[in-house]
Amino acid sequence: MFVGDSLSRNQWQSLTCMLHSSVPNANYIITRQGDVSTFTFTDYGVNVMLDRNVYLVDVVREPIGRVLKLDSIHGAKLWKGIDVLIFNTWHWWNRRGPTQPWDYIQVGNEIKMDMDRMLAFKEALTTWAAWVDAILILTKLWFSSREFSPSHYKIKGKSCAGQQEPVTGLRFPGGLLPAVDVLKSVLRKIRKPVKLLDITLLSLLRKDGHPSIYGLGGPTAMDCSHWCLAGVPDTWNEILYNLIL
C-alpha cells in the first residue's frame, strides 16, 4: 500500500503498469472505496493499494472548522495487516490560502491559526514514527518510507516546459530541501526497521520528466511537480523492488 499524496499516486500508477506489462494477460479489477484505490490481480490474489493521506496525521472537521491534528493518527487503522507500506508526505505542508485543506492546527490541547510549517512537519512525522514503533508488527513486513519528490517550477528563471535533458552532473543547484534533514532525524529514532527510499537527488536531476502543459490541466496549466508515465516513478519502483528483495 502506498500512503501519501498525488505523488504517491504517481508511483502507484507506475507500479501497476509495470506489473501489468509483465503479465499482460492476467485478469485485474480496479476499485475505489473512500480514499483507498485498489488494483487487484485476481489471478494471483495480489492487491496494490493507494491510500490518499497527504499529511499522514488526521484532519478532522470540528465546529470551529477543519483541524490538522499533529498528534492524532486514527487514519492509520487502514494500514494494519498490509504486507508492504510505502509512505510519503511533504507536498502539501506549505499550502496556504484556498488550497490549504485545514483551518486550524492542533498540538496537544493547543489550537492555533498556524505555526512554523517545518516544526509542524516534524511533529507529524514524530507522531507517525511513534505509531510505527507501537503498532506495527514487522515479522513479515517490509516497510519503506519514500523521500521527497521534487518539483521544477523554477529552473534558472524558467519552468519545466520544453525541458528535454536532465541536469548535467551529480549535484542540483540549490541543494536539497531542509525537510530532508527533518525526515532523516526522525527516522534515526525509530526502533523498527524502516527503509528509506532515497529518490530526491536523482529526481531533482530529471527536470525533463514532468507533464508540463500536457498534464491534467492542459495548456492553461503547468504541471512541474508530477511525473510522466512511463518515466521517473518507474525508477523509484525499480529501487523499491531491490529494497524488498
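1. Two strands count as paired here if DSSP finds at least two bridges between them. The model is predicted. On that criterion, strand 3 (residues 36–41) and strand 4 are a pair: 6 bridges join them, and they run antiparallel.

2. The register of this pair can be read from S37, which stands opposite L50 in strand 4. The hairpin of strand 3 and strand 4 has 4 residues between the strands, and G45 takes a positive phi there, near 65°.

3. Strand 4 (residues 46–52) also pairs with strand 1 (residues 2–4); these two run parallel and are joined by 3 bridges. The bridge partner of F2 in strand 4 is L50. L50 therefore has F2 as a bridge partner and stands opposite S37 of strand 3, in keeping with the rule that strands of a sheet pair through backbone hydrogen bonds, either parallel or antiparallel.

4. An open sheet of 4 strands has the order 5-6-8-9, and its pairing is mixed. Strand 5 (58–62) and strand 9 (110–112) stand at the edges; each has a single partner strand, so one side of each is left without a neighbour in the sheet. From one strand to the next, the twist averages 30°.

5. Within that order, strand 6 (residues 65–69) and strand 8 (residues 104–107) pair in the parallel sense over 3 bridges. K69 has Q106 in strand 8 as its bridge partner.

6. How many disulfides does a search of the whole structure find? The search finds 1. C160 and C224 form a disulfide, with their sulfur atoms 2.2 Å apart, against a cut-off of within 2.5 Å. The link of C160 and C224 is left-handed, with -85° about the S-S bond. The pair links distant parts of the chain, 64 residues apart: C160 lies in the loop between strand 10 (142–146) and helix 3 (178–187), and C224 in the loop between helix 4 (200–204) and helix 5 (232–244).

7. Are the two bonded cysteines buried or exposed? C160 counts as buried because its relative accessibility is 3%, and C224 counts as buried at 0%; the limit for buried is under 20%.

8. C17 is in no disulfide, and the nearest cysteine sulfur, that of C228, is 13 Å away. C17 is partly exposed, with a relative accessible area of 48%.

9. Why is the sulfur of C228 not bonded to that of C160? The sulfur of C160 is the closest cysteine sulfur to that of C228, but at 8.5 Å it is too far for a bond. C228 is partly exposed, with a relative accessible area of 30%.

Note on methods
Residues are numbered from 1 along each chain as its sequence is written. This is a predicted model: local features need pLDDT of at least 70, side-chain atom pairs count only at pLDDT 80 or more; totals for chains, interfaces and linings use all residues. Side-chain values use heavy atoms; hydrogens and water are left out. Axes are lines fitted to C-alpha atoms, for helices over the stretch in contact, and angles run from 0 to 180 degrees between N-to-C directions. Buried means under 20% relative accessible area, exposed over 50%, partly exposed in between (1.4 Å probe, protein chains only).
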